[in-house]
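Please look over the sequence and the model below before reading on. The paragraphs that follow are meant to be read with both in view.

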Amino acid sequence: MDRSSLAALDRRIARCRACPRLVAWREEVARTRRPAFADWTYWGRPVPGFGPPDARLLIVGLAPAAHGGNRTGRMFTGDRSGDVLYRALYDVGLASQPDSVARDDGLELHGVRVTSPVHCAPPANRPTPAERDACRPWFERELVLLRPSLRAVVVLGAFGWQAALPAFAAAGWRVPRPRPAFAHGARVRLAGPDPAGRPVDDPGSAGPDSVGPDAAGLDLFGCFHVSQRNTFTGRLTPAMLREVLSAAAAAAGLPAAPG
Ligand code: SF4
């Protein structure tokens, strides 16, 4: 694939100002900062996906955290949710180090990319449906660029799941009807496009020009979000997360340790 395309997309995303409420919030947070991070220059912009352009496994969250990704400029970096996620990726052999604290900390992901359907930190971690829809073209474009290599996806939480399914359909995969419900441990097979290259099941999709012959099938996995609410209460344990990541890595053809 054209490696420069995904990098170019990431740069374009980082300049986006389409959502007035989120632009105001992300910049306000960057100005006021949290006392513990008073010496940081916050990123304060949309946070692009992180990971190699030929990733076989994609992890989809919700949106950057105000003092995590919105501070550091990297997905799930600098907050408790990210601590849990990257630790688990490291434990199953998909990350070069267990911590993700800053964009220049040397972390590399092995065949994995991390992204979200909304690229700006929202107030109370809740983007509106309109903001989710405004950001969807970025997500669809990212999926199209990853399509030649992508074989499995882990979606963290119901919001990401609902945002992801139409985007996968628009990017060329065939999403079952009725659309499968989110659940921790859910596993859904999305077939590649029909031979004519047409996404058959989403009339609102980007259409025939958006797909090519390079989209293989995809295994979609549901996992509870790595939010503090879920991890502190034990709703999502490290073992549960490792189990999903290992299964998804195996589906993607990546070498990973058992969960
Ligand atoms: S949420 Fe997405 S569409 Fe809205 S301003 Fe941020 S990057 Fe742009």
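What follows goes from the overall makeup of the chain to its sheet, then to two helices, a tryptophan and the surroundings of the ligand.

The coordinates belong to a predicted model, and the chain in it carries 8 helices and 5 strands. Taken in sequence order, these elements give the pattern α-α-β-α-α-β-α-β-α-β-β-α-α. Of the 259 residues of the chain, 52% count as buried. Among the contacts between residues at least 6 apart in sequence, 70% join residues at least 24 apart.

The sheet is a good place to begin. It is an open sheet of 5 strands, arranged in the order 2-1-3-5-4, and its pairing is mixed. Strand 2 (112-115) and strand 4 (187-190) stand at the edges, and because each has a single partner strand, one side of each is left without a neighbour in the sheet. From one strand to the next, the twist averages 20°. As a general point, strands of a sheet pair through backbone hydrogen bonds, in either a parallel or an antiparallel manner.

Strand 3 (152-156) can be followed through both of its pairings. With strand 1 (57-60) it pairs in the parallel sense over 4 bridges, and in this pairing Leu57 stands opposite Ala152 of strand 3. With strand 5 (218-223), strand 3 also runs parallel, and here 5 bridges join the two. Along that second pairing, Val153 stands opposite Leu220 in strand 5, while Leu156 stands opposite Cys223 in strand 5.

Why is strand 3 described as largely enclosed by the rest of the structure? The reason lies in the burial count, since 5 of the 5 residues of strand 3 are buried. The residues divide between two directions, with Ala152, Val154 and Leu156 pointing one way from the strand and Val153 and Val155 pointing the other way, and all of them are buried.

Helix 8 (residues 238-252) packs on this sheet, where it touches strand 1, strand 3 and strand 5, and its direction makes about 175° with that of strand 5. The helix has 15 residues and reaches 21 Å from its first C-alpha to its last, close to the 21 Å expected at 1.5 Å a residue. Its buried residues are Leu241, Val244, Leu245, Ser246, Ala247, Ala248, Ala249, Ala251 and Ala252. These buried residues pack against strand 1, strand 3 and strand 5, and also against helix 4 (80-91). After helix 8 comes Gly253, whose phi is positive, near 80°.

Helix 4 can be read in a similar order. Its 12 residues should span 16 Å at 1.5 Å a residue, and its end C-alpha atoms are 16 Å apart, which agrees. The buried residues of helix 4 are Ser81, Gly82, Asp83, Val84, Leu85, Tyr86, Ala88 and Leu89. What covers them includes strand 2, helix 7 (228-232) and helix 8. Helix 4 is followed by Gly93, whose phi is positive, near 90°.

Turning to the tryptophan, Trp25 has its place in helix 2. Is Trp25 buried, exposed or partly exposed? With 19 C-beta neighbours inside 10 Å, Trp25 counts as partly exposed, because burial requires 20 or more such neighbours. Leaving aside residues up to four places away in sequence, Trp25 touches Ala121, Pro122 and Pro123. Of this group, Pro123 is 98 residues away from Trp25 in sequence, yet the two are 6.8 Å apart in space, C-alpha to C-alpha.

The surroundings of the ligand come last. Which residues come nearest to the ligand? Of the 15 residues around the ligand, those that come nearest are Cys16, Cys19, Pro46, Cys120 and Cys135. Helix 2 (20-32), where Trp25 has its place, and helix 5 (129-146) each supply at least two residues of the shell around the ligand. Helix 5 gives the most to this shell, with 4 residues. Sorted by class, the shell has 12 nonpolar, 1 polar and 2 charged residues.

Terms used. Residues are numbered from 1 along each chain as its sequence is written. This is a predicted model: local features need pLDDT of at least 70, side-chain atom pairs count only at pLDDT 80 or more; totals for chains, interfaces and linings use all residues. A residue is near a molecule or strand if its C-beta atom, placed from the backbone, lies within 6 Å of it. Ala, Val, Leu, Ile, Met, Phe, Trp, Tyr, Cys and Pro count as nonpolar, Asp, Glu, Lys and Arg as charged, and the others, Gly among them, as polar. The expected span of a helix is 1.5 Å times one less than its number of residues. A residue is buried if 20 or more other C-beta atoms lie within 10 Å of its own, exposed if 12 or fewer, and partly exposed in between; C-beta atoms are placed from the backbone. Two residues are in contact if their C-beta atoms, placed from the backbone, lie within 7 Å. Two strands pair if DSSP finds at least two bridges between them. Axes are lines fitted to C-alpha atoms, for helices over the stretch in contact, and angles run from 0 to 180 degrees between N-to-C directions.
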